[in-house]
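Reader: Please take a close look at one sheet in this model and at what surrounds it. I would like the cut-offs stated along the way.

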Amino acid sequence: MSEMSEMSEIGEIGEIGEVSEVSEANAMNTVNTVNAVNNKNDLRLAERSRVVIPGGIYGHMAVPGFSGTLPQYMAYGDGCRVTDTDGNTFIDFLCGWGPVVLGHRHPAVQRAVDEQLARGDCLNGAPPVMVELAELLVDTVAHADWALLAKNGTDATTASVTIARAATGRRKVLMARGSYHGAAPWCTPVTEGVTPEDRAHLDYFEFNDLESVRAAAARAGDDLAAVVVCPHRQDVHRDQELTDQGFARGLRELCDRTGAALILDDVRCGFRLDLAGSWEPLGVRPDLSAWSKAIANGYALAAVTGTDALRDAAKRIYTTGSFWFSAASMAAAVATLTELRETDALERIARAGRRLREGLAAQASAHGFEVIQSGPVQMPLLRFAGDDDFSLTRRWTDEAGARGVYVHPYHNWFLGASHTDADIDEALERTDGAFAALTRR
Ligand code: PMP
């Protein structure tokens, strides 16, 4: 790892460490203080959890420094609403952190899961639905000649890198500084317990800066195996940044010229923006794509899709897991992708996103605030201009949470096909109150 990238990793650890300290204090003292809603069960669960789970909660859920009003525990979901263990219901703009693309407990997906569970989930051989799903993925994803299935996004990004290395016989992998590709040692943003050797063959470039990619590729020389990139810049703690078409095309050309694999990490955006792949509108096709999140509307599933040129390498690597052949989540994925293909679900998601963005922009300016709304409308993020430490933004998301709107101050939100115009308008009525509360303060 270069000195520069090492420094940036350390910078990130500091940031995340700080946030989790806040979250600890938050979980103990300040949850739901804004409107003092009923949160007894939530606090009790947090207390029990701290005894038996290190830190009480792990990973991205361990940083609810994001809220003083949102619960840590959820009891159930229905469409675009989630209800916590104390019975408080929220209009949900996090959609299970992305997976819930059609709405919680979508009937067609539930039916498919129930029917499969009645036959068994974890059998000694692969379920027939695996073949159906792989066929559907190959038919849906523009660059795909084949598909491999797994459970989590990290499985898919890690397998993609392994396939690229097996195919090229090379070691170096380039990724954008600060981008998230999962929680395995090679890519976790927190390097506690990670050795430099785990990342020995990674190097970093700046997103949307082709020159920095070319420089990193030059450092890799003839050892360049792959470039891994997200469809747009979606790092936490900063505005999202859309991808310049020239950057995407430049990456494609660089990979073609060097023989490296272009890996699109479509885990977060996939099947929410464009079913054929999130870079289809830019006219750039990757060699490998990693998918998860929205693929099965909340059931645990991931996939790698690839081109024929990488089929043999994908055959040679060893990647699997005890639950990688579980049938129910594959049935959920077939139902989800079918619904996405055969209905106007993606148009509805975009429409809901536009309505929300326009409504929030009008509200902010009516209340005298300048806000920056970034990213695709289907995966929005709002930050108050000049609010570099997100403190004002967090006060606003707290006020929204206290009014039953589930939004995040520094991780992108997600819209789903179950958000109707009426849901967006109801959410906007509540966020208007959140802006008004900031003005009063
Ligand atoms: N890549 C991206 C872009 C992601 O957003 C995520 C999850 N947030 C991952 C990879 C890892 O996926 P998972 O958490 O399912 O392992």
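Author: Ala150 stands opposite Ala302, a residue of strand 10. Around that pair, strand 4 and strand 10 (residues 302–306) run antiparallel and are joined over five bridges. Two strands count as paired if DSSP finds at least two bridges between them. Helices (H or I, at least four residues) and strands (E, at least two) are DSSP runs, numbered from the N terminus.

The model is predicted, and local features need pLDDT of at least 70, side-chain atom pairs count only at pLDDT 80 or more, while totals for chains, interfaces and linings use all residues. Residues are numbered from 1 along each chain as its sequence is written, and side-chain values use heavy atoms, with hydrogens and water left out.

Strand 4 and strand 10 belong to an open sheet of seven strands, whose order is 4-10-9-8-7-5-6 and whose pairing is mixed. Its edges are strand 4 (146–150) and strand 6 (202–205), each of which pairs on one side only. On average, neighbouring strands of this sheet are turned by 20° against each other, direction ignored. Axes here are lines fitted to C-alpha atoms, for helices over the stretch in contact, and angles run from 0 to 180 degrees between N-to-C directions. Strands of a sheet pair through backbone hydrogen bonds, either parallel or antiparallel.

Two helices that pack on the sheet can be described next. Helix 4 (residues 128–140) touches strand 4 and strand 10, and its direction makes about 130° with that of strand 4. Helix 7 (residues 245–258) also packs on the sheet, touching strand 6, strand 7 (224–229) and strand 8 (261–265), with its direction at about 165° to that of strand 7. Contact means heavy atoms within 4.5 Å.

After the edge strand comes a backbone detail. Asn208 sits in the loop between strand 6 and helix 6 (210–220). Its phi is near 70°, a positive value in a residue other than glycine.

Now the wider setting. The protein is divided into domain 1 (2–95 + 345–440) and domain 2 (107–342), with bounds that come from an automatic or database domain assignment. The C-alpha centres of the two domains are 26 Å apart. Between them, 29 residues of domain 1 are in contact with 25 residues of domain 2. About 2500 Å² is buried between the domains, and carbon and sulfur atoms give 60% of that area. Buried area is the accessible area (1.4 Å probe) that two parts lose on being put together, summed over both.

The count of salt bridges between domain 1 and domain 2 is one; the term requires a side-chain nitrogen of Lys or Arg within 4 Å of a carboxyl oxygen of Asp or Glu. Asp239 and Arg383 meet through their side chains in a salt bridge, at 2.7 Å from N to O. Six residue pairs are in polar contact across the interface, both residues at pLDDT 80 or more. A polar contact is a pair of N or O atoms within 3.5 Å; within protein, one must be able to donate a hydrogen and the other to accept it, and residues adjacent in sequence count only if both atoms are side-chain atoms.

On the side of domain 1 that touches domain 2, helix 1 (3–30), helix 10 (345–366), strand 11 (371–374) and strand 12 (381–384) each supply at least two residues. The largest share of that side, nine residues, comes from helix 1.
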